[in-house]
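Colleague: I'm new to this one, so could you walk me through a single part of it? I'd like to take a close look at one sheet and whatever packs around it.

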Amino acid sequence: MRRDALAGRLDELSVDALLVTRLLHTRYLTGFTGSNGQVLVRRDGGLFLTDGRYTEQSRREVPDLERFTYLNPLREELPALLTDVRRLGFEADEMTVAARDRLAGALDDVELVPTTEVIESLRAVKDDEERAAIRQAQAITDAAFERILESFAVGVTERQISRQLESVMLDEGAEGLAFDSIVAFGESAAEPHHEPGHRLLEEGDVIKLDFGARFAGYHADMTRTIAFGAPAGEIKKIHDIVKESQQAGIDAVRAGVTGASVDAVSREVIERAGYGERFVHSLGHGVGLEIHEAPSLGRKQDEPLPAGAVVTVEPGIYIPGLGGVRIEDMVEVTDDGCVVVGTSTRDLIEL
């Protein structure tokens, strides 16, 4: 279905075929998980291309598509495969200028046509299989969050918690991390993307965790803020504000509205509370085969959200010297609203 949707856009692109070279897109179109594979998409079907290392793997993972194994550099083999192609589209964001020049030199009678964000736009809308994988990645993330709460104690370091998070997610069934976990204690939580270090956990610290599991190639992304002991009064205050801001953003998400309008609704809550200058990033981003992909929620995102997209809603307030609060959940965009993917509480947990 994904290849058919792409083939249906060849007329719009004014090409006879499209050469897909980005490995992530090869996986999206075929299910292939090896380290070298391309897809030649035509109106009447497609051709999977790889080298001899992956002949057997592709036979197993790509059984529904004609396959071709090349023994020489692909550009040397392509002319024989493109005898009826006069205009060949290629992924301009993926192919270097040097690679494009080498390919053009090998294809004397074929015009190379650059394309951009063609497959990315298809990936923005998740099918049932993709949404199921994202939900499973989030279920693993939720389970890991519940388990990691038992690991906090005076003297533990950010880095130790980060390593334990990875171990717990793998134990729960993740194939890997969606991204390097953010674990921030105390004043470090004022950094939106803090790298875990040797900071020791102390009584009264705020704890910010931004993490996620990867399952079947698909990512989860969640942030929670925790109080270790009685939280500072301002931390509790801004947690309430961020929670209200996130709920306003979630309530505003639906197919057809722009990412900018959702960002504005959520941001207005924080601005009204007097912390507008402390909300220093966009509201959210798409999640799928990549941890950051289309569509996005931000001030300049004027494209309407499509039904079937999965995006994060993650407002935050960051106060240097004190700490910060961010609450993040993925939501599935629907025609009449959205559905929150995870189940972890958004209340301020006091350990």
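What is the order of the strands in the open sheet of four strands, and what kind of pairing does it have?

Modeller: Happy to, and keep in mind that this is a predicted model. The strands of this open sheet run in the order β8-β9-β12-β20, and the pairing is mixed. Start at the edges: β8 (182-185) and β20 (349-350) sit there with a single partner strand each, so one side of each has no neighbour in the sheet. The partner of β8 is β9, residues 206-211; the two run antiparallel and are joined by four bridges. If you want a spot to find on screen, look for isoleucine 182, whose bridge partner in β9 is aspartate 210.

Now for the helices around the sheet. Helix α9, residues 158-171, packs on the sheet and touches β8 and β9. The direction of α9 makes about 145° with that of β8. Helix α8, residues 128-148, lies across β9, β12 (222-227) and β20, and α8 runs at about 15° to β12.

Further along the chain there's a helix pair to look at too. Helix α10 (residues 233-252) packs against helix α11 (residues 259-272) at an angle of about 160°, with the axes 8 Å apart. Angles over 145 degrees count as roughly antiparallel, and α10 and α11 are therefore roughly antiparallel to each other. Their crossing is right-handed. Where they meet, α10 brings residues including Ile241, Glu244 and Ala248, while α11 brings Val265, Arg267 and Ile270, among others. By class, this contact has seven nonpolar, four polar and three charged residues.

Technical notes:
Residues numbered from 1 in each chain as written. Predicted model: local features only at pLDDT ≥ 70, side-chain atom pairs only at ≥ 80, totals over all residues. Heavy atoms only, no water. Axes fitted to C-alpha atoms, helices over the stretch in contact; angles between N-to-C directions. Parallel < 35°, antiparallel > 145°, perpendicular 65-115°, else oblique. Left-handed = near helix turned anticlockwise from the far one by under 90°. Contact = heavy atoms within 4.5 Å. Nonpolar A, V, L, I, M, F, W, Y, C, P; charged D, E, K, R; others polar. Pairing = 2+ DSSP bridges.
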